[in-house]
Amino acid sequence: MRRSDREITDVNDIQSIIDKCDVIRIAINNDTYPYIIPVNFGYEFNSGKLTLFFHSSIAGCKHNIIERNNHAAFEMDCSHILMPPINGEVCTASMAYESVIGQGTILTVNDSEKERVLGKILDHYNIRGGKFNSVQLQNTKLYKIKVKSFTAKRRENKR
């Protein structure tokens with residue numbers, strides 16, 4: 001990381017950033033051009049290992065690309081505050097933010113884990129309780145990203 005002064009390494013701070021993010025952008029390899037998908041997500045940390053979860057229909061472009069190559073990069077960001085120019089010098093305008101980026105492999109969630117993983121996604125958005133419709137479960141594909149590496153960053157508004 002070039003700006004080590006902005007790096008966040010404490011797992012609790014990283015989890016706090018993830019909790020604030022409402023969308024994750026996943027980049028997958030679609031041959032000539034990357035394919036970037038913004039999705040709702042859930043996650044879990046187990047012994048310092050991060051796993052991300054997202055859902056999809058059971059068919060389509062995203063599914064086909066993942067079937068061909070399950071390597072992915074991801075990015076999420078939040079806490080945006082525009083920092084206006086200093087003394088009218090437009091090149092000094094900036095943005096405060098928090099972000100997490102990383103790489104991993106996408107795996108399909110098996111049927112026995114579907115309800116638990118959907119629960120993780122709903123938990124992320126503070127949606128609790130209720131039953132899952134069996135037809136909707138059958139028509140939903142769930143994925144997990146086994147994260148290989150990630151970094152987190154924060155630029156504070158100190159103006």
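## Glu 44 and its strand partner

Let's start with a pairing: Glu 44 has Thr 51 as its bridge partner in strand E5. Keep in mind that what you're looking at is a predicted model. Glu 44 itself belongs to strand E4, which covers residues 42-46, and E5 takes in residues 49-57. The two strands run antiparallel and are joined by 5 bridges.

How do you get from E4 to E5? They make a hairpin, with 2 residues between the strands. One residue to look for in the turn is Ser 47, which has a positive phi of about 50°.

## What surrounds Glu 44

Is Glu 44 buried or exposed? Its relative accessibility is 15%, and the cut-off for buried is under 20%, so Glu 44 counts as buried. Its side chain makes a polar contact of 3.0 Å with the side chain of Arg 116.

If you skip residues up to four places away in sequence, Glu 44 touches Lys 49, Leu 50, Thr 51, Phe 53, Arg 116 and Lys 120. So both the bridge partner Thr 51 and the polar partner Arg 116 turn up in that list, because contact here means heavy atoms within 4.5 Å.

## On to strand E8

E5 has another pairing to show you. Strand E8, residues 140-155, lines up with E5 in the antiparallel sense, over 7 bridges. Here Thr 51 comes back into the story: Lys 146 in E8 stands opposite Thr 51.

## Ser 94, another buried polar spot

Now hop over to strand E7, residues 94-108, where you'll find Ser 94. Which residue does the side chain of Ser 94 meet in a polar contact of 2.4 Å? That's Arg 155, again through its side chain.

Ser 94 has a relative accessible area of 19%, and buried means under 20%, so Ser 94 is buried. Leaving out neighbours within four places in sequence, its contacts are Ile 81, Leu 82, Met 83, Arg 155 and Arg 159.

## The nonpolar cores

The largest nonpolar core has 28 residues. Which of them touch the most other members? Those are Ile 18, Ile 26, Leu 52, Met 76 and Ile 106. Take Ile 106: not counting residues up to four places away in sequence, it touches Ile 26, Ile 28, Phe 54, Ile 66, Asn 70, Ala 72, Tyr 143, Lys 144 and Ile 145.

There's a second core too, separate from that one, with 7 residues. Among them are Phe 53, Val 109, Val 117 and Leu 142. You've met Phe 53 already, as one of the residues that Glu 44 touches.

Technical notes:
Residues are numbered from 1 along each chain as its sequence is written. This is a predicted model: local features need pLDDT of at least 70, side-chain atom pairs count only at pLDDT 80 or more; totals for chains, interfaces and linings use all residues. Side-chain values use heavy atoms; hydrogens and water are left out. Helices (H or I, at least four residues) and strands (E, at least two) are DSSP runs, numbered from the N terminus. Buried means under 20% relative accessible area, exposed over 50%, partly exposed in between (1.4 Å probe, protein chains only). A polar contact is a pair of N or O atoms within 3.5 Å; within protein, one must be able to donate a hydrogen and the other to accept it, and residues adjacent in sequence count only if both atoms are side-chain atoms. Two strands pair if DSSP finds at least two bridges between them. A nonpolar core is a set of buried Ala, Val, Leu, Ile, Met, Phe, Trp, Tyr and Cys residues joined through side-chain atoms within 4.5 Å.
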